[in-house]
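Welcome! Here is a short, friendly tour of a protein model, from its inside to its ring pairs. Take a look at the structure first, then follow the points below.

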Amino acid sequence: MSRPARRLLPLLCAAALAASPVFAQTIPLTSAQVPVPVDTAYPGTVSVFVDATDLARRIVRVREEIPAQTGRLTLLYPQWLPGNHSPSGPLDKIAGLAFTANGQKLAWTRDPLNVYAFHIDVPQGATSVTAEYQYLTPTDPAQGRIVMTPNMMNLQWNALVLYPAGHYASRIDTSASVKYPTGFTAATALDVASTNGDTVVYRNVSLDILIDSPIYAGRYGKVIDLAPGAKVPVRLNVFADAPKYLEAKPEQIDAHRRLYQQAMKLYGAQHYDHYDFLFSLSDQLSGNGLEHQRSSEDGEDTGYFTDYDPKAGFSDLLAHEYTHSWDGKYRRPADLWTPNYNVPMQDSLLWVYEGQTQYWGNVLTGRSGMRSKQAAFDALALTAATYADNRPGLAWRAVQDTTNDPIIAQRRPKSYRSYQLSEDYYSAGQMIWLEADARIRSKTNGKKSLDDFARAFFGVNDGEWKVQNTYTFDDVVKTLDGVVHDDWATFLRDRLDGKVPLTGGLAAAGWQLVYKDEPNGVAKAAAKGGGADFVYSLGLSIGKDGKVSDVRWDSPAFNAGIGSGMTIVAVNDREYSKDALSDAVKAAKDDKAPIRLMVKSFDRFQTIPVDYHGGLRYPHLERIAGKPDYLTSIYAPR
């Protein structure tokens with residue numbers, strides 16, 4: 001078909017459809033207007049009832065009663081999600097929408113330009129609208145996070161509610177209740193008003209607090225008091241696939257209690273009236289890590305306590321999400337605050353929100369003893385190596401630009417992670433804040449540190465948690481300058497905009513990155529899952545099945561022709577295994593012949609010679625003789 005004819009066809013089709021009475025009546029030509037949120041109270045209380053008992057089919061049923069007046073009512077499904085930093089509300093999982101008023105079924109229309117908005121005409125005399133629908137949770141990981149299993153569930157209110165447009169979320173009063181499966185207990189930051197059998201009624205809160213108060217519930221759970229005797233409760237609510245995974249040794253519990261203690265010493269204030277870690281230990285429920293003001297959603301494998309490896313220690317997940325109560329929730333970047341969940345967010349300051357949280361999460365994990373000093377340093381070595389030798393993408397893309405990734409990619413996997421970059425503001429931010437900490441210590445002869453910034457910036461107004469306290473880049477610079485005078489704006493911009501390498505913090509703290517032929521303790525623990533790490537030698541990350549998960553751009557393997565997604569089936573004519581490839585890399589230090597890798601790509605096999613002779617290389621940290629050791633001070637308990 002010629003180009004003119006191809007252009008003509010849509011015009012002819014459009015004319016025909018416009019002439020069709022059916023088309024004209026059912027498809028609006030322009031978008032109906034969605035009311036802009038204003039800071040006024042919504043009249044009445046939105047009541048939400050959730051039936052979460054259908055575990056076998058993983059279906060959640062929702063009924064809402066929404067006060068309404070005669071005329072147009074626009075209801076919104078949350079689109080822009082706090083903590084996700086992106087328009088990732090799971091609208092595709094809502095089904096069966098039905099609205100009634102005074103027993104009459106109401107027609108509804110989805111806004112054609114805003115698919116998260118639903119328009120309903122409320123009939124004369126009606127004072128409320130009933131909405132009924134189902135949330136069809138994923139039944140396979142390919143569909144999203146698994147949030148319902150036979151023994152556990154994770155309910156997130158942003159996935160369950162519709163709310164009236166035209167008002168700030170903080171000005172919409174809500175009443176919520178949940179019917180749980182028999183035998184389940186639940187944990188949430190919400191306060192219980194009453195119970196009736198398996199149904200729990202929660203005290204009324206504004207919509208923003210409801211959305212910020214998810215629920216973990218399960219058949220097997222326990223509560224660990226992390227702050228015995230404290231006026232403000234802090235609890236670790238643990239749910240597991242089976243009772244045996246709940247068994248924690250006293251010294252493990254003590255380490256988690258020290259996490260709370262070290263956080264208090266760092267910030268000096270609490271921005272919650274109680275705090276609840278919602279913690280799953282499961283191979284069935286998908287892992288999670290999501291911050292909230294008075295709680296966090298955290299998920300690890302079943303062996304978190306029972307398979308604890310002291311050489312690696314605990315992960316920094318709990319410390320990271322706990323830190324967010326201060327950094328990100330109580331104090332939030334001004335361009336990330338929005339009046340409701342359907343106003344676009346901007347992510348320009350995620351290198352503070354997530355980057356400094358990443359820094360303190362690692363530091364608090366070390367200070368509390370959840371990781372030994374050696375394990376903390378091993379973890380830092382892996383991060384430092386990433387920004388010394390495994391981010392060639394920084395040659396074309398700056399850290400600042402990666403703050404757009406939650407919106408651009410929404411955490412979809414990437415084929416060449418080291419070159420494309422993806423949310424590097426987390427760990428790159430950690431490296432920037434390490435250098436800032438060492439810089440402050442050096443300028444003040446160890447009398448001040450980034451701890452002083454954390455207390456001044458986040459540890460204010462003890463006990464206050466409902467007030468939105470936003471900040472800008474200039475606020476960050478001003479507070480740093482109050483700790484020690486310096487050109488902090490240039491310091492930060494140079495690193496965020498790619499003018500200065502991100503590895504200066506180690507040397508400033510008295511340590512250096514080196515490579516050895518054995519993985520450090522944290523790397524060894526990570527390899528127990530069966531994967532293989534040849535990132536700093538051949539330039540490959542390999543899954544337990546031999547599939548190449550990532551290839552470092554411009555590495556020996558990449559330059560030889562190996563790509564992400566290929567499967568290695570043989571090494572020097574021997575069946576592939578991690579040990580076989582490791583032996584080949586060792587032998588190639590003396591044998592100048594290339595390492596021959598047979599790979600499979602789709603239905604094709606080929607042997608690719610990789611001309612590499614540098615031996616095995618794994619990151620470690622070593623002291624720099626003669627320089628002050630600030631790193632040990634940074635990780636030392638307070």
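A residue counts as buried when its relative accessible area is under 20%, as exposed when that area is over 50%, and as partly exposed in between. Keep in mind that this is a predicted model. With that cut-off in hand, N237 is a good place to begin: its relative accessible area is 5%, so N237 is buried.

**A buried polar residue**
- N237 belongs to strand β21, which covers residues 234–240.
- Which side chain does the side chain of N237 join in a polar contact? The partner is D276, and the contact is 2.9 Å.
- Beyond its neighbours within four places in sequence, N237 is in contact with A187, K222, V223, D276, F277, L278 and F279.

**Two nonpolar cores**
- The largest nonpolar core holds 86 residues, and Y322, W433, L492 and L631 have the most contacts inside it.
- A second core, separate from that one, has 59 residues, including V147, M153, W157 and L162.
- Setting aside neighbours within four places in sequence, Y322 touches V234, L259, Y260, A263, M264, Y272, Y275 and F277.

**Helix α13 and its surroundings**
- Helix α13 runs over residues 450–457, and its buried residues are L450, D451, F453, A454 and F457.
- Why are these residues on the same side of α13? They cover an arc of only 160° around the axis, and this places them on one side of the helix.
- A general rule is useful here: an α-helix has 3.6 residues a turn, so residues three or four places apart point the same way.
- Among the elements that cover the buried residues of α13 are helices α4 (250–267), α7 (355–367), α12 (427–443) and α14 (473–483), along with strands β25 (331–333) and β26 (469–471).
- At the N-terminal end of α13, S449 acts as a cap, with a side-chain oxygen 3.1 Å from the backbone nitrogen of D451.
- L266 sits in helix α4, and its relative accessible area of 1% makes this residue buried.
- Apart from neighbours within four places in sequence, L266 is in contact with W360, L364, R367, D451, A454 and R455.
- L266 and W157 are 109 residues apart in sequence, and their C-alpha atoms are 31 Å apart in space.

**Aromatic pairs**
- How many aromatic pairs does a search of the whole structure find? It finds 36.
- In one pair, Y168 and W337 have ring centres 5.9 Å apart and planes at 65°, so the pair is edge-to-face.
- Y168 lies in the loop between β13 (163–164) and β14 (173–179), while W337 lies in the loop between β25 and α6 (350–353), so the pair ties together parts 169 residues apart in sequence.
- Both rings belong to partly exposed residues: Y168 has a relative accessible area of 21%, and W337 has one of 29%.
- Another pair is F377 with Y635, whose ring centres are 5.6 Å apart and whose planes are at 70°, so this pair is also edge-to-face.
- F377 lies in helix α8 (residues 373–389) and Y635 in helix α20 (residues 630–635), so the pair links parts 258 residues apart in sequence.
- Buried or partly exposed: which is F377? F377 counts as buried at 4% relative accessibility, and Y635 counts as buried at 5%.

**Charges over rings**
- The charged end of R439 sits over the ring of W488, at 5.8 Å from the ring centre.
- R617 lies over the face of Y515, 4.0 Å from the centre of that ring.

Conventions. Residues are numbered from 1 along each chain as its sequence is written. This is a predicted model: local features need pLDDT of at least 70, side-chain atom pairs count only at pLDDT 80 or more; totals for chains, interfaces and linings use all residues. Side-chain values use heavy atoms; hydrogens and water are left out. A nonpolar core is a set of buried Ala, Val, Leu, Ile, Met, Phe, Trp, Tyr and Cys residues joined through side-chain atoms within 4.5 Å. Buried means under 20% relative accessible area, exposed over 50%, partly exposed in between (1.4 Å probe, protein chains only). Contact means heavy atoms within 4.5 Å. Helices (H or I, at least four residues) and strands (E, at least two) are DSSP runs, numbered from the N terminus. The arc is that of the directions from the helix axis to the C-beta atoms. A polar contact is a pair of N or O atoms within 3.5 Å; within protein, one must be able to donate a hydrogen and the other to accept it, and residues adjacent in sequence count only if both atoms are side-chain atoms. Rings of Phe, Tyr and Trp (its six-membered ring) pair if their centres lie within 6.5 Å; planes under 30 degrees apart count as stacked, over 60 as edge-to-face and the rest as tilted. A charge sits over a ring if NZ of Lys or CZ of Arg is within 6 Å of the ring centre and within 35 degrees of the ring normal.
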